[in-house]
Amino acid sequence: MALLEVTDVRTFYGNIEALKGVSLTVDEGEVVTLIGSNGAGKSTTLRSISGLTPPREGSIKFEDTEIGEVPPQEIVERGISLSPEGRHVFPRMSVRENLDLGAYLRKDRDGIENDRERVYSLFPRLKERERQKGGTMSGGEQQMLAIGRALMANPRLLLLDEPSMGIAPILVERIYETIAEINRQGTTILLVEQNANYALEVSKRGYVLETGQVALEDESGALRTNPEVQKAYLGA
């Protein structure tokens, strides 16, 4: 049984159909990636799963339970957490306060402290900057903070939206090493990424989205050697 099962999802912004029947699965322990050009529907897929833009049609099941009409905060409680495109850290709050907000639905104080230490071990720079305001940090540091904040909800499934966007290449590499480590520690990941090289390197399987539909799905290794994917997304 898949941990996440998305079936024939159609999502609209007003009258504009952004997702036109998207289906995908994510198994426990996997890293699965969605790649595609701007406007292909990648971020909308994550927003539909996390309840921010609920689908008008189709099914989204998490642990075999339908969540397509469940409110976002309840989806977080059930074990799905989103690190959004553009990071959206709270600029006037400290690193520590941003992280604690990620755990706002939790009551297990010991577990929260353990997860905060886990985030600091994954991203030592956040520990160094614990009292610094989020808005004064670099783009790469803010990305670390956004991922750390999502982890503070203790998710079974972590949704990552464009983690490499707008940050220095050297930090992109570090963030992807950390994404692999988060997965090794037991968190399942669904990753949306414009940088297909990094995404296919860290993931087990991938889906190519084009204009709101799944155009291709395969093992990541096979996608990397697919001539069409190379030409469109890998700069070959």
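**Note on the predicted model: packing around selected residues**

1. Ser83 makes contacts with Gln143, Ala146, Ile147, Ala150, Leu159, Leu160 and Asp161, once residues up to four places away in sequence are set aside. The structure discussed here is a predicted model. Ser83 belongs to strand E6, which covers residues 80-83. Its relative accessibility is 1%, so Ser83 counts as buried, the cut-off for that class being under 20% relative accessible area.

2. The overall fold may be summarised next. The protein chain contains 10 helices and 10 strands. Its C-alpha trace spans about 45 × 40 × 35 Å along the principal axes. A compact globule of 236 residues would have a radius of gyration near 18 Å, and the 17 Å found for the protein chain agrees with this.

3. Burial and contact range are considered together. Of the 236 residues in the protein chain, 51% are buried. Among contacts with a separation of 6 or more, 67% are between residues 24 or more positions apart. The accessible surface of the protein chain is about 11100 Å², and carbon and sulfur atoms account for 46% of it.

4. Which residues does Ile182 touch, not counting residues up to four places away in sequence? They are Arg118, Leu122, Ile147, Leu151, Leu158, Thr187 and Ile189. Ile182 is situated in helix H7 and, because its relative accessibility is 0%, it counts as buried. The C-alpha atoms of Ile182 and Arg118 are 9.8 Å apart, although 64 residues separate the two along the chain. Ile147, in this contact list, also appears among the contacts of Ser83.

5. Thr187 lies in the loop that runs between helix H7 (169-184) and strand E8 (188-192). Is this loop residue buried or exposed? Thr187 counts as buried, because its relative accessibility is 4%. Apart from neighbours within four places in sequence, Thr187 is in contact with Arg118, Pro155, Arg156, Leu158 and Ile182. With Arg118 there is, in addition, a polar contact of 3.3 Å between the two side chains. Arg118 and Leu158 are thus listed as contacts both of Thr187 and of Ile182.

6. Aromatic pairing deserves a separate point. The count of aromatic pairs comes to one. The pair consists of Tyr176 and Tyr198, which are stacked at 5.2 Å centre to centre with 25° between the planes. Tyr176 is in helix H7 and Tyr198 in helix H8 (residues 196-202), so the pair ties together parts that are 22 residues apart in sequence. Tyr176 counts as buried because its relative accessibility is 6%.

7. A charged side chain is also placed against a ring. Arg56 lies over the face of Phe12, 3.9 Å from the ring centre.

8. Val6 is in strand E1, which spans residues 4-13. With a relative accessible area of 4%, Val6 is buried. Excluding neighbours within four places in sequence, Val6 has contacts with Val22, Ser23, Leu24, Ile49, Ser59 and Ile60. How far apart in space are Val6 and Leu160, C-alpha to C-alpha? The separation is 17 Å, for two residues that are 154 residues apart in sequence. Leu160 is one of the residues that Ser83 touches.

Notes. Residues numbered from 1 in each chain as written. Predicted model: local features only at pLDDT ≥ 70, side-chain atom pairs only at ≥ 80, totals over all residues. Heavy atoms only, no water. Helix = DSSP H or I, 4+ residues; strand = E, 2+ residues; numbered from the N terminus. Buried < 20%, exposed > 50% of the residue type's maximum accessible area, 1.4 Å probe, protein only. Polar contact = N/O pair within 3.5 Å; in protein donor to acceptor, adjacent residues only side chain to side chain. Contact = heavy atoms within 4.5 Å. Phe/Tyr/Trp six-rings, centres within 6.5 Å; stacked < 30°, edge-to-face > 60°. Lys NZ or Arg CZ within 6 Å of the ring centre and 35° of its normal. Rg over C-alpha atoms; globule rule 2.2 N^0.38 Å. Areas by Shrake-Rupley, 256 points an atom, 1.4 Å probe, with all protein chains shown as cover.
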